[in-house]
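Here are my notes on the model you asked about. Have it open while you go through the points.

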Amino acid sequence: MNFYIFKNKEMPWGDYGDTLLVGYAYPDEKDESKILIERTGPFVPPVYTWAKMILISDTFKQKLEKSDLKGFEYQETVFHKIVNLDWTKWDLDTEDPKIYPNGGEPENYILSRKHSPETAEKMEKIWCLKLNNKTLTGRKERNISSRQDLFIIENSWTGSDIFNSEGAGYAFFSEKAKLWFENNADDFANFEPFNSKVATQEEIDFAKDYIKPRPQKNDPFAHLTPKDWKTYQKFIEQANKLIAKSNTDKTEKSKLTSITKAIESLKNAEQIRPLGKKEQGLLNKLKDK
C-alpha cells in the first residue's frame with residue numbers, strides 16, 4: 001500500500017511566506033472542540049495543514065463532498081484573529097516580500113496587526129477535517145531519530161482515505177486521496193511518501209504499548225500559552241535553519257554569523273522554557289565550535 005503525509009504549498013520568502021499562507025490554528029483553551037483560526041485575509045487557500053489538522057476553504061469543501069473519499073467529517077472553525085493583508089497581489093518571484101512585518105519576525109504579520117472584522121466578513125468559511133486516529137503507526141524503537149523510523153501498520157488501517165494516528169503527528173493520505181487532492185487543489189497540495197508495512201503481532205503490541213496512557217505527571221509547562229509555544233517552536237525552527245545554512249556558507253565569516261544567530265535563537269527559546277535534551281545538546285555543540 002502507498003501512504004503519504006500532506007505538505008503545504010511551497011512559498012517564497014521562507015518563514016515569512018509560510019506564515020502568510022498558513023497563519024495559526026489551535027484548539028480553544030476553554031473548549032477544545034473549537035478550532036481557532038488566526039491568519040491573513042481575505043484570501044483562504046483551498047487546503048493547508050497546521051500540525052495534524054487539514055484545513056479547507058468552503059469552496060473546496062463543496063468539491064470534496066462530491067468526491068468518493070471517505071473516513072472523515074467536517075468541523076467549522078472560528079475566526080479568532082483575521083488581519084487585512086492581501087499578499088496574493090505581491091510579486092511572488094521577488095527575493096523579498098513586498099512588506100516585512102513589524103520587528104522583522106514572521107509571526108508579527110499576524111500578532112502585531114489588529115483583527116479586522118470587515119476582512120473576516122469577506123472570507124470563506126474554513127473547515128477542519130475531523131479525522132480518526134485508529135490506524136496504528138509502528139516504530140523501530142521507542143525513541144526514534146527520524147521519520148524514516150516510523151511506518152503505518154497496514155493491517156490496522158481502517159480504510160479511511162485521510163486519517164491521523166496516535167503514534168505520529170501527521171495527517172496521512174491514501175493513494176486515492178493524494179491523487180484527488182493533486183487534481184483538485186490548484187497546486188496547494190504537496191505530498192511525501194510515508195513508510196508502511198504489514199506488521200507482526202510483536203510490532204502491533206509495541207505500537208499499542210507506545211500510545212498507552214502513562215501515569216500523569218505535574219506539567220511544568222502548564223503556564224505556557226499557545227502564543228508561548230508558537231514562539232518557542234519558531235526559535236527552534238530558526239536555529240535549525242541557520243545551522244543548515246552554516247553548512248553551505250562559503251566563507252568562514254558567514255558561517256560564524258549563521259552559528260552565532262543559531263545560538264541566539266536557541267537562547268531565546270530557552271527564555272520561554274528549558275530546552276529539550278536534543279536542543280540543549282545542539283546548543284552545547286554550537287558553543288564549542
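**Notes on the fold and its aromatic pairs**

1. Starting with the overall make-up: the protein chain has nine helices and 14 strands. Bear in mind that this is a predicted model.

2. On overall size, the C-alpha trace spans about 50 × 50 × 40 Å along its principal axes. A compact globule of 289 residues would have a radius of gyration near 19 Å, and the chain has 20 Å, so the two agree.

3. How much of the chain is buried? Of the 289 residues, 46% count as such. The exposed surface comes to about 16,400 Å², with carbon and sulfur atoms supplying 48% of it.

4. Contacts reach a long way along the sequence. If you take those between residues at least 6 apart, 72% join residues at least 24 apart.

5. For charge, there are 46 positive and 46 negative side chains in the protein chain. The centres of the two sets lie 3 Å apart.

6. Now the aromatics, where the count comes to 22 pairs. One of them is Phe3 with Phe163, an edge-to-face pair at 5.8 Å centre to centre with 85 degrees between the planes. Phe3 sits in strand S1 (residues 3–8) and Phe163 in strand S11 (residues 162–165), so this pair ties together parts that are 160 residues apart in sequence. Both Phe3 and Phe163 are buried.

7. Another pair to look at is Tyr16 with Tyr109, which is edge-to-face: 6.2 Å centre to centre, 80 degrees between the planes. Here the link runs between helix H1 (residues 15–22), which holds Tyr16, and helix H3 (residues 108–111), which holds Tyr109, and the two residues are 93 residues apart. Both tyrosines, Tyr16 and Tyr109, are buried.

8. Which residues join Phe3 and Phe163 in one aromatic cluster? They are Trp157, Tyr170, Phe172 and Phe194.

9. Back to H1, which is mostly covered, with seven of its eight residues buried. Those are Asp15, Tyr16, Gly17, Thr19, Leu20, Leu21 and Val22. What do they pack against? The buried residues of H1 pack against strands S1, S2 (24–27), S3 (35–41) and S4 (47–50), and also against H3 and helix H7 (226–246).

10. One last backbone detail: Gly23 follows H1, and its phi is positive, near 65 degrees.

Methods: Residues are numbered from 1 along each chain as its sequence is written. This is a predicted model: local features need pLDDT of at least 70, side-chain atom pairs count only at pLDDT 80 or more; totals for chains, interfaces and linings use all residues. Side-chain values use heavy atoms; hydrogens and water are left out. Helices (H or I, at least four residues) and strands (E, at least two) are DSSP runs, numbered from the N terminus. The radius of gyration is taken over C-alpha atoms; the globule rule is 2.2 Å times the number of residues to the power 0.38. Buried means under 20% relative accessible area, exposed over 50%, partly exposed in between (1.4 Å probe, protein chains only). Contact means heavy atoms within 4.5 Å. Accessible areas come from the Shrake-Rupley method with a 1.4 Å probe; for residues, only the protein chains shown count as cover. Lys and Arg count as positive and Asp and Glu as negative; His and the chain ends are not counted. The place of a charge is taken as NZ of Lys, CZ of Arg, CG of Asp or CD of Glu. Rings of Phe, Tyr and Trp (its six-membered ring) pair if their centres lie within 6.5 Å; planes under 30 degrees apart count as stacked, over 60 as edge-to-face and the rest as tilted.
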